[in-house]
Amino acid sequence: MGTLWFNGSIYTMMKEGDRVEALFSENGIIVDTGSSIYLRQKYAGNISREIDLKGQTMLPGLVDSHLHLVGHGERLLRLDLSLMKGREAILNVLKEKCAVTPPGKWIVAEGWNENEWSAPELILRDELDAISTEHPIVLKRICRHALVVNSSALLAANIKEEAEEPAGGVICRYPDGRLNGLFKESQAQNLILDSLPGIDQDYIEAALSEAIADAHKLGLTGGHTEDLHYYNGFVPTYEAFKSVIEENGMAFRANLLVHHEALEDMLAAGGRYQEGTRYIKFDSMKIFTDGSLGGHTALLSEPYADQSGTNGVAIFTEGELHQWVQKARQAGMPIAAHAIGDLAFEYVLDAIEVFPPKLGLRDRLIHAQIVRPELLERAAVLPVIFDIQPGFVPSDFPWVEEKVPAKLLASSYAWKTYLRMGIICAGGSDAPIEPLNPLMGIHAAVTRAKIDSDEAGYGLAERLTVYEAFSLYTKGSAAAIGQEKRRGMISKGYDADFTVFDQDVFTGKPEALLGAEAVMTVIDDRIMYDKNNSCKTSNPNAK
């Protein structure tokens, strides 16, 4: 028995402006589309539920192509620094937090971004020590490629002043040689993070539950998430996903990117690419090739404009990168490579050309921000997808113009150019780095402007149409996991995953996107979120 969905603006996303009057779904699949009269007549004996959309707008379920689901939940549970515009505001909130936290308890805060401060001088170890030496304090930068700690955290993590810098990581010091508390990239950050207490399955499940509930409210039916290496390893994290999504009934289509260091654990547990449970599937092998622009660790082909002594950090040598790509191929997996700088991007293309994926599979290049024109030409003929984060444009500009050489920026963040060259693009948030709300990413793709700003925006020639922007989160996200023939559109045989908005997101001005609200989120024909029972449900067979 199935469901008739009717009386709404139902956009199929098959092409721009394409709509159907109604659809019939059954057992999690779209069976047919057409007029309400036609569907009622043809499926009269099978309709057990009718949902009146009340003129609201239905789309294929929106999917975030790149996020850290557990990390987003942590951000919801922890002290959030992302909206604080200065050092003093952060120091004050830390003082308040320490005053109500028992001595010895860790204080972990998320989201500082010195580029948004009036004075970008960093908060370092001595300033945190002035706040407390009784609480280990950890402040994670918004990019999650850097963190800063106080002396108590160094002591708890057993890190000595003479600590050696790990390969691919950066440990920063004061001019006198003392550790200043700043650690960059995971190889260095893990020296601290591995000592955090309380990271058990209950903790991970609590964070996942918060994150998925928030995703449902925002209209997200799924996400491609990378979490399997950071929370006591593969097994506890994967078990937490199964517990929350499968056992506790919080349906959410989670495609798990497998961190390269979690690959062997996944294989040992019997995991394979595109296998898993009903809603949870293992996806590409995640490889970090560089860091972040804000931390000067994204790998550029030229020195940074504001720090001429560095061009970033290569997480792996070219030989090591090739070895990891080979391991992915041996496991029958595509790769998902974090590459922000153009030199990191080039290294990934080199590896893909030497070790291409299995026929029919596509690799993904995550972020694809700083890209030289000749690299785009190479990428356009390879089986790759660009996994882009439109929200990075309003977040990174104008400060990125001070860091990246101008000639490298000319062809960067060039979403429209990528599409014109025939490169498939998927859209994500990189939450908790950026807000999870997909409408904010779509607004950024369409306007390339900061919210509530009078500035025109950045690189206006690269603006997307509203249809192209929504396609990133529907058809693009489906293609990124090889599911373009069953997700991302409203069509016969496709999964019954839907996002319903309270207004027509295609007819208003771009500013109106930020005023739209998801009122219903449907996954596998199951209504996981319904704001105030906004869509009337009736049972034609009820007496």
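The paragraphs below follow the salt bridges of this predicted model, pair by pair and then as a network.

The structure holds 37 salt bridges in total, and one of them joins Lys42 to Asp32, whose closest N and O atoms are 3.6 Å apart. Because Lys42 belongs to helix 1 (residues 36-42) while Asp32 belongs to strand 3 (residues 29-34), this pair ties together parts that are ten residues apart in sequence. Asp32 has a relative accessibility of 1%, and therefore counts as buried, given that the cut-off for buried is under 20%.

Further along the chain, Asp342 and Arg372 bring their side chains together in a salt bridge with an N to O distance of 2.6 Å. Asp342 is found in helix 11 (residues 342-354), whereas Arg372 sits in the loop between strand 17 (363-367) and helix 12 (373-380), so that this contact ties together parts lying 30 residues apart in sequence. Both residues of this pair, Asp342 and Arg372, are buried.

A third example is the salt bridge in which the side chains of Lys416 and Glu468 meet, at 2.8 Å from N to O. Here distant parts of the chain are linked, since Lys416 lies in helix 16 (residues 415-420) and Glu468 in helix 18 (residues 466-480), 52 residues apart. Lys416 is buried, with a relative accessible area of 12%, whereas Glu468, with a relative accessible area of 21%, is partly exposed.

Beyond these pairs, the model also contains a network of salt bridges, which links the arginines Arg253, Arg278, Arg486 and Arg487 with the aspartates Asp495, Asp497 and Asp524.

Technical notes
Residues numbered from 1 in each chain as written. Predicted model: local features only at pLDDT ≥ 70, side-chain atom pairs only at ≥ 80, totals over all residues. Heavy atoms only, no water. Salt bridge = Lys/Arg side-chain N within 4 Å of Asp/Glu carboxyl O. Helix = DSSP H or I, 4+ residues; strand = E, 2+ residues; numbered from the N terminus. Buried < 20%, exposed > 50% of the residue type's maximum accessible area, 1.4 Å probe, protein only.
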